[in-house]
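Please open the model in a viewer and keep a selection panel at hand. The tour proceeds by stops, each with something to select and something to inspect.

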Amino acid sequence: MMSIKKLALVTCVALSALSPASARAAEGGALPHLSWSFEGVNGTYDRASLQRGFKVYREVCGACHSMDKVYYRDLEALGYDEDQIKAVAAEYTFIDGPNDEGEMYERPGRPSDPFKAPYASREQSMYANNGAYPPDMSLLAKARHGGANYIYGILTGYGHAPEGHEVPEGKYWNTMMPGHIIAMAPPLQDGQVSYDDNASQTVDQYAKDVATFLTWASEPHMEDRKRVGITAFLFLLVFTGVMYTVKKKLWAKIH
Amino acid sequence: MSSGQRAEFKNPVVSWIDERLPVFSMMQKEYGVFPTPRNFNYFWNFGAIAMVMLITMIVSGIVLAMHYTPHADHAFSSVERIMRDVNWGWMIRYIHMNGASFFFIAVYIHIFRGIYYGSYKKPRELLWILGVIIYLLMMATAFMGYTLPWSQMGGWAATVISGFFTAIPVVGDMIQTLLLGGFSVDNPTLNRFFSLHYLLPFLIFAVVFLHVWALHVSGSNNPLGIDVKGPQDTLPFHPYYTMKDTFGLGVFLLLYVIVTFFFPNIFAHPDHFVEYNPMVTPPHIVPEWYFLPFYAVLRGLTFGVNPYIGLSLFALIVVMAPVYCGADKKTGLCSIICVVGRKYAVLLLAIAAVAFALGYLSQVEKATGGALISLPLSNLVFVNAKLAGVLAMFGSVILLVFLPWLDTHPVRSARFRPLFKTATLLLAIDFVILGYVGMETADAALFGVIPLLWIGQLGTGYYFAYFLMLLPWLSRNEKAQPLPASINEAVLKA
């Protein structure tokens, strides 16, 4: 299987070398290539990193970005138990109803609720953010070329614009962003989110954890998928081997 | 079907059914003892593989339809619900999504096999045409399926592709409105696409049945392309080809499993994971990979037919006239054109080349605006670039229908026709190059210098020249190598 990965890599490298004027790379900065726990045919999500990433999302990203495809109950996959999930959900207030009297009412969140969105509508989110839309993050890792590496690249790509480049009022310079101009203010500072474990509380670590968390959010069944894939592959390998022998033996009489 | 001779069955239940409805006799005749050429290579596996993929697509598609909501407000979310909450939903969806690609891979190899070994020639013309109809239905089905997840890419691809029809004069806009159920891609579009995406696979299944029926009338072609002379040339389909097909299928499924479970989104553009928004156009709209060569043909036609291009095409028709008409047509206008075409072939080809260059250059826009060279009458465009592109794109597919009459060489297999073999292998390479051109942005350049557009245009030129000029010319002029006396003899020699 490693050889397949290598083959795929070689093909990708060959294709990107051929790629005319590296059209896609030219749009943004060079994509960083970190090593992630979820890579490879048997890669899994690092649970500690997922939990840290979720914390960063709740305390930072979640202020502007919704994740409307993810439910509190899904947090079980991060290693939280039922009581912890209930406690997390209950921190948010949801409007429900109508009740028997036809009134809408407020209630605490439940595990069966989707992540509470920071804004009531796309319009409201754009109005609050200078006209820029903070995209929903449920599928962000799949909705960008480069996935986790891209997300990490954006979060660590802020800096001063080089000489001769103008950054418009209310926008920021980001080496990763296509066009290098981004509407999102640098969201993370060192020490901003306190971790319960002894992971370093740096922008670099926050970015890695959030990228891991968002990759999980966009592909929550990845571990199952790879597990089933290995079984299916091995079964087919044996089956095809048997069929090869059968075919060879059968045709030996003919040739 | 098989109502004539029945086979004997020991099992009383089987025998009882078979007397009343001879399905067992039919299976025995068509898949049991069916005489099949003994010299198939592995290219002959892909019909069975394509059949398995069709069934895989129908079964997985029916399950997906149980959980999918064909409504503009819910489609994207319902697909995500399948991916996240439906038991094994992610697997069924990935099987379906990548299954489409693997179905096309199998069918493309199957079509190439047909061309390379001349499987479309007499008596298999109708069998071939039914195959082209299956391919057309597959394209329509795949295009509509692409739209159903209601993503940015799917919605905008529907906008772009339905826009092709607006190139048709007079009725174009009407056709687009009918196709979309409105003036833009919206809920009515999604509803009718879903309805047709569910219907067409069953039509495909019906045409596959006719395809197989026709195959079982004429019998299979084989790598030598010579007819079966007697029982010594054949083997019963079962167990020889059932086992060989199953082995080949296993290899194919291994690749399918690797992609489905380990690289499930390798064929998917990131804009597949953003919900469709009619107010935001994605920077780069691309169709699925299996349409890319035709997309390159469409984009390659950046020029229309003005008097110069028209003259060029006319000169080519005159050059080809003796090839098309044949020596037997010696009366009237046709004979005059044939004589001219034969006598002044070189001159006519030169005229065609020069006229084409003039017609092309007089339509190339300068960066500063205006044409690169200005010529009298060059603005008189009979067929504009958009319509020319759409005609070329549809034409490039429809041409396949006429293949049995474009290549009339008596020898089927490329194995004995070196020139045909080279030309056909070049066509396969050309097709891949066109696919690559279709994938890249319109202004991309190879190594930063050679515009891909030019490569796409050259590729388009070769594609049409292969079918319309090379094949008819080779049919008359290529001297084939000697054919073996029989399949059996060739097999024994090897």
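Which residues in H1(B) meet which residues in H2(B)? The model under view is predicted. Select Val14(B), Ile17(B) and Asp18(B) in H1(B), then Val23(B), Phe24(B) and Ser25(B) in H2(B); these two groups meet each other. By class, this contact comprises four nonpolar residues, one polar and one charged.

Now display the full helices, H1 (residues 12-20) and H2 (residues 23-32) of chain B, whose axes come within 7 Å and cross at roughly 95°. An angle from 65 to 115 degrees counts as roughly perpendicular, and H1(B) and H2(B) are therefore roughly perpendicular to each other.

**Chain B: annotated histidines**

Next, select His96(B) and His197(B), where UniProt places the feature "binding site" in an unreviewed entry. They span 102 residues in sequence, yet their C-alpha atoms are no more than 12.9 Å apart, so they gather at one spot. Both His96(B) and His197(B) belong to the lining of the largest cavity.

Centre the view on His96(B), which lies in helix H5 (residues 89-116) of chain B. His96(B) counts as buried, at 17% relative accessibility. Beyond its neighbours within four places in sequence, His96(B) contacts Met57(B), Ser60(B), Gly61(B), Leu64(B) and His197(B).

Move on to His216(B), which is also covered by a UniProt "binding site" annotation from an unreviewed entry. This residue is in helix H9 (residues 187-218) of chain B. His216(B) has a relative accessible area of 17% and is buried. Show Glu30(B), Tyr31(B) and Phe34(B) as well: His216(B) is in contact with them, when neighbours within four places in sequence are left aside.

**Chain A: an annotated cluster**

Turn to chain A and select Cys61(A), Cys64(A), His65(A) and Met184(A), listed by UniProt under "binding site" in an unreviewed entry. These residues are spread over 124 residues of sequence but cluster in space, with a largest C-alpha distance of 10.9 Å.

Is Cys64(A) buried or partly exposed? Cys64(A) is partly exposed, with a relative accessible area of 26%. It sits in the loop between helix H3 (47-59) and helix H4 (82-90) of chain A. Its contacts, leaving aside neighbours within four places in sequence, are Pro118(A), Tyr119(A), Asn129(A) and Pro134(A).

Finish at His65(A), in the loop between H3 and H4 of chain A. His65(A) counts as buried, at 9% relative accessibility. Not counting residues up to four places away in sequence, His65(A) touches Tyr57(A), Pro118(A), Pro134(A), Pro135(A), Met137(A) and Met184(A).

Note on methods. Residues numbered from 1 in each chain as written. Chains lettered and ligands numbered in written order. Predicted model: local features only at pLDDT ≥ 70, side-chain atom pairs only at ≥ 80, totals over all residues. Heavy atoms only, no water. Axes fitted to C-alpha atoms, helices over the stretch in contact; angles between N-to-C directions. Helix = DSSP H or I, 4+ residues; strand = E, 2+ residues; numbered from the N terminus. Parallel < 35°, antiparallel > 145°, perpendicular 65-115°, else oblique. Contact = heavy atoms within 4.5 Å. Nonpolar A, V, L, I, M, F, W, Y, C, P; charged D, E, K, R; others polar. UniProt positions renumbered as here; feature names shortened; annotations may be inferred. 1 Å grid on protein atoms, 1.4 Å probe; cavity = no way out; pocket = protein on both sides within 12 Å on 5 of 7 lines; lining within 4 Å. Buried < 20%, exposed > 50% of the residue type's maximum accessible area, 1.4 Å probe, protein only.
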